[in-house]
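Hi everyone, thanks for coming. I'd like to walk you through a structure this morning, so please have a look at the screen.

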Amino acid sequence: MADIFSALVLGLIEGLTEFIPVSSTAHVLLAGHFLGFRSPGNTFVVLIQLGAILAILLVYFKRLLSLALALPRSARARHFVLAVLFGFLPAAVIGAIAHDFIKNVLFETPMLICIVLILGGLVLLAVDKIQFKPKYHDVTEFSLPMALKIGFFQCLAMIPGTSRSGATIVGALLMGADKRSAAEFSFFLAMPTMVGAFTLDLYENRNMLSFDDGMLIVIGFVAAFVSALFVVRALLDFVSIRGYAPFAWWRIFIGAAGLIGLTLFG
């Protein structure tokens, strides 16, 4: 029962934090550490992310369907799909090469995660204060070189605590996107990235997972899906109005609280 409760809580945390720039991986790993929750090869943390991706697919279903139908006749649609694939390419290559190091070293270092949370929060505060003059207000207008550069920013999130969405959003802002389109491109880029991570991790750990592990993953998966639905629907309007400072302060708070907790309780 304790593991079922932990899986439910961690799934909710995953869904609530996946698409905001606070690092869902850091939150789930730290919460799992203090809850005493363990999964073989930290597979639970990666596999439940697909629940959040299904939330994106549901929210954007009509847009994705119209995009797919437009591919044969629309150069704009083909360009956008190619841009997303360009953005995905760096993570696909580097993630496959560094997979074992990320899972066995970085995921197992909670002190590093807390420090990166705080540093990322400071970066996000600095970026939020910059008065950008955006050139792009529509994700379908992002150039292929711009998408590739954003993809390299996304690779920074392989360090737990960096935040995949935060890295891609900051990268897009620096490349000339406005806040809304930066967040939206992060959504679309998450789809191939997290499906790829899910597939690789499931394959790598296929022999380590038991029936009980699978049940806990399903619980976390469903919880992540439900909670992510609320975030995806509200995030774009929120960042357009409030910016990213609230998330930056949250990162700093969680990172500091984690450091204190690790110092006191290990």
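I'll talk about the pockets, then one helix, and then some aromatic rings.

Before we start, please keep in mind that this is a predicted model.

Let's begin with the empty space. The largest pocket has a volume of about 630 Å³, and 32 residues line it. If you want to find its centre on your own screen, look for Gln49, Ala157, Met158, Thr193 and Ala197, which lie nearest to it. Helices H2, H6, H8, H9 and H10 each give two or more residues to that lining. Which helix gives the largest share? That is H6, with eight residues. As for chemistry, the lining has 15 nonpolar, 13 polar and four charged residues.

The second largest pocket comes in at about 270 Å³. Its lining is made up of 15 residues, with Gly120, Val123, Leu156, Thr162 and Arg251 nearest the centre. Here H7, residues 110-129, provides the largest share, five residues, and H9 also supplies at least two. By class, this lining divides into ten nonpolar, four polar and one charged.

Now back to Gln49, which we met at the largest pocket. Gln49 is also one of the buried residues of helix H4, together with Leu50, Gly51, Ala52, Ile53, Ala55 and Ile56. What do these buried residues pack against? Their partners are H1, H2, H3, H10 and H11.

The unreviewed UniProt entry annotates several transmembrane regions, including residues 41-60 and 185-203. In the model, the end C-alpha atoms of 41-60 lie 32 Å apart, and that span is 80% helix. For 185-203, the ends are 28 Å apart and the span is 100% helix.

Last topic: the rings. The structure holds nine aromatic pairs. In one of them, the ring centres of Phe19 and Phe187 are 5.5 Å apart and the planes sit at 80°, so this pair is edge-to-face. Phe19 is in the loop between H1 and H2 while Phe187 is in H10, 168 residues apart, so the pair links distant parts of the chain. Phe187 also pairs with Tyr60: with centres 6.1 Å apart and planes at 70°, that pair is edge-to-face too. Tyr60 lies in the loop between H4 and H5, 127 residues from Phe187.

Are these two rings buried or exposed? Tyr60 has 8% relative accessibility and counts as buried, and Phe187 is buried as well, at 1%. Ring pairs join Phe19, Tyr60, Phe80, Phe187 and Phe188 into a cluster.

Thanks for listening, everyone!

Methods:
Residues numbered from 1 in each chain as written. Predicted model: local features only at pLDDT ≥ 70, side-chain atom pairs only at ≥ 80, totals over all residues. Heavy atoms only, no water. 1 Å grid on protein atoms, 1.4 Å probe; cavity = no way out; pocket = protein on both sides within 12 Å on 5 of 7 lines; lining within 4 Å. Points joined across faces, edges and corners; volume = space filled by probe spheres on them. Helix = DSSP H or I, 4+ residues; strand = E, 2+ residues; numbered from the N terminus. Nonpolar A, V, L, I, M, F, W, Y, C, P; charged D, E, K, R; others polar. Buried < 20%, exposed > 50% of the residue type's maximum accessible area, 1.4 Å probe, protein only. Contact = heavy atoms within 4.5 Å. UniProt positions renumbered as here; feature names shortened; annotations may be inferred. Phe/Tyr/Trp six-rings, centres within 6.5 Å; stacked < 30°, edge-to-face > 60°.
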